Amino acid sequence: MIQYDKFTLGNGLRVLVHEDSSTPMAVVNVMYDVGARDEDPAKTGFAHLFEHLMFGGSIHIPSYDEPLQLAGGENNAYTTNDLTNYYCQLPSENIETAFWLESDRMLSLAFSKKSLEVQRKVVMEEFKEHYINKPYGDVWFKMRELAYTVHPYRWQTIGKDLSHIEKATTADVKKFFFKHYCPANAILVAAGNTTTVQVKELAEKWFGNIPAGEKYIRRLPEEPKQTAPRKEIVKAKVPLDALYKCWHMDGRLDDGYYAAELITDILSGGGSSRLYPGTGKGTTVVQQYRMLSFWKHRRGYINH
């Protein structure tokens, strides 16, 4: 079990600290309680777009990466349907650099037209490369729409339609930011060669004066129970026929989730899995299965 301390700042920012003196490194992680499920159905892909925009610089720090690299650190982020996560890893003696960088973009992200256009193009190219031009790239769009009828899990983190990012305005972006990216809607984790006393001091110094913002209240439509099988046959110019299947499973906080997670890995988790399309005897039929996946409500992510 991982031991940790936790406290909350006056503005609502929740902070967790894990002390580990066996490493010379430290990690600062900021998780925002916003994902693709929180988007307007007519303006999807914004959570993922922000994963990119947050690296475009803030008002006081034009380049996010440069100061971190000078401090010997590295960073990345990912977006899911449920959350957006940003993290820095750096030598523990430079941990304050991470607090400085993360607090400034939470307080004063730069909404320049140039930054929006640059990151918009990056996301659009990602959409085209992985989901439009790639064989079978639209499979999970179709699968999600079959699996969900009203819940926002029915679209991927990249967005439901390329035009949503194409038409995103600065006003749209600012509205989304101020609604979700605030202390009341975030959790900060510091781990590694640091102490709770040090983290409290740094958290108060760099985050304590940031306005709390309004805690986002999630009101998602409830998905009706599925009572009949759903299927779709798609004809496209692809190298081979493919068969995809999904099943309902327990949520991440339920005991059944772990059993399904294990079964998923046994069946399709790499070269030693049962359905791996190898070259040995008896694999001809298996090769007809491009993927067999258990539907995971909170699994997939897109890297920054």
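A salt bridge is a side-chain nitrogen of Lys or Arg within 4 Å of a carboxyl oxygen of Asp or Glu. The legends below describe close-up views of a predicted model, and the opening view concerns a group of residues joined in this way.

**View 1. Asp33, Asp38, Lys215 and Arg218 are linked in a network of salt bridges.** Side chains of opposite charge can pair when their charged atoms come close. Within this network, Arg218 is paired with Asp33, and the closest N and O atoms of the two are 3.0 Å apart. Arg218 belongs to the loop between helix H8 (196–207) and helix H9 (255–268), whereas Asp33 belongs to the loop between strand E3 (25–32) and helix H1 (46–53), so the pair ties together parts that are 185 residues apart in sequence. Both partners count as partly exposed, Arg218 with a relative accessibility of 25% and Asp33 with one of 22%. By the rule stated at the start, the count comes to 10 salt bridges.

**View 2. Asp172 and Lys43 meet through their side chains in a salt bridge, with 2.9 Å from N to O.** Asp172 is found in helix H7 (residues 170–180) and Lys43 in the loop between E3 and H1, so this pair ties together parts that are 129 residues apart in sequence. Asp172 is buried, because its relative accessible area of 17% falls under the 20% cut-off. Lys43, at 35% relative accessibility, counts as partly exposed.

**View 3. Helix H4 (residues 113–132) holds both Glu125 and Lys128, which lie 3 residues apart, about one turn of the helix.** An α-helix has 3.6 residues a turn, so residues three or four places apart point the same way. Glu125 and Lys128 form a salt bridge in which the closest N and O atoms are 3.8 Å apart. Glu125 is partly exposed, with a relative accessible area of 47%, and Lys128 also counts as partly exposed, at 29% relative accessibility.

**View 4. Gln119 is a residue of helix H4, and helix H5 packs its buried residues against H4.** Gln119 is buried, with a relative accessible area of 14%. If residues up to four places away in sequence are not counted, Gln119 touches Leu49, His52 and Leu53. In helix H5 (residues 139–147), the buried residues are Val139, Phe141, Met143, Arg144 and Ala147.

**View 5. Tyr181 is one of the residues that touch the most other members of the largest nonpolar core.** In soluble globular proteins, nonpolar side chains tend to be buried together. This core has 53 residues, and Val15, Tyr32, Phe50 and Phe99 are listed with Tyr181 as touching the most other members. Leaving aside neighbours within four places in sequence, Tyr181 is in contact with Tyr32, Val34, Ala47, Phe50, Met54, Thr84, Tyr86, Met106 and Phe176.

**View 6. The whole chain, shown as a setting for the close-up views, has 9 helices and 7 strands.** Its C-alpha trace spans about 60 × 45 × 40 Å along the principal axes. For 304 residues, a compact globule would have a radius of gyration near 19 Å, and the 21 Å of the chain agrees with this. Buried residues make up 43% of the 304 residues. Among contacts with a separation of 6 or more, 79% are between residues 24 or more positions apart. The chain exposes about 17,000 Å², of which carbon and sulfur atoms supply 54%.

Key: Residues numbered from 1 in each chain as written. Predicted model: local features only at pLDDT ≥ 70, side-chain atom pairs only at ≥ 80, totals over all residues. Heavy atoms only, no water. Helix = DSSP H or I, 4+ residues; strand = E, 2+ residues; numbered from the N terminus. Buried < 20%, exposed > 50% of the residue type's maximum accessible area, 1.4 Å probe, protein only. Core = buried A, V, L, I, M, F, W, Y, C linked by side-chain atoms within 4.5 Å. Contact = heavy atoms within 4.5 Å. Rg over C-alpha atoms; globule rule 2.2 N^0.38 Å. Areas by Shrake-Rupley, 256 points an atom, 1.4 Å probe, with all protein chains shown as cover.
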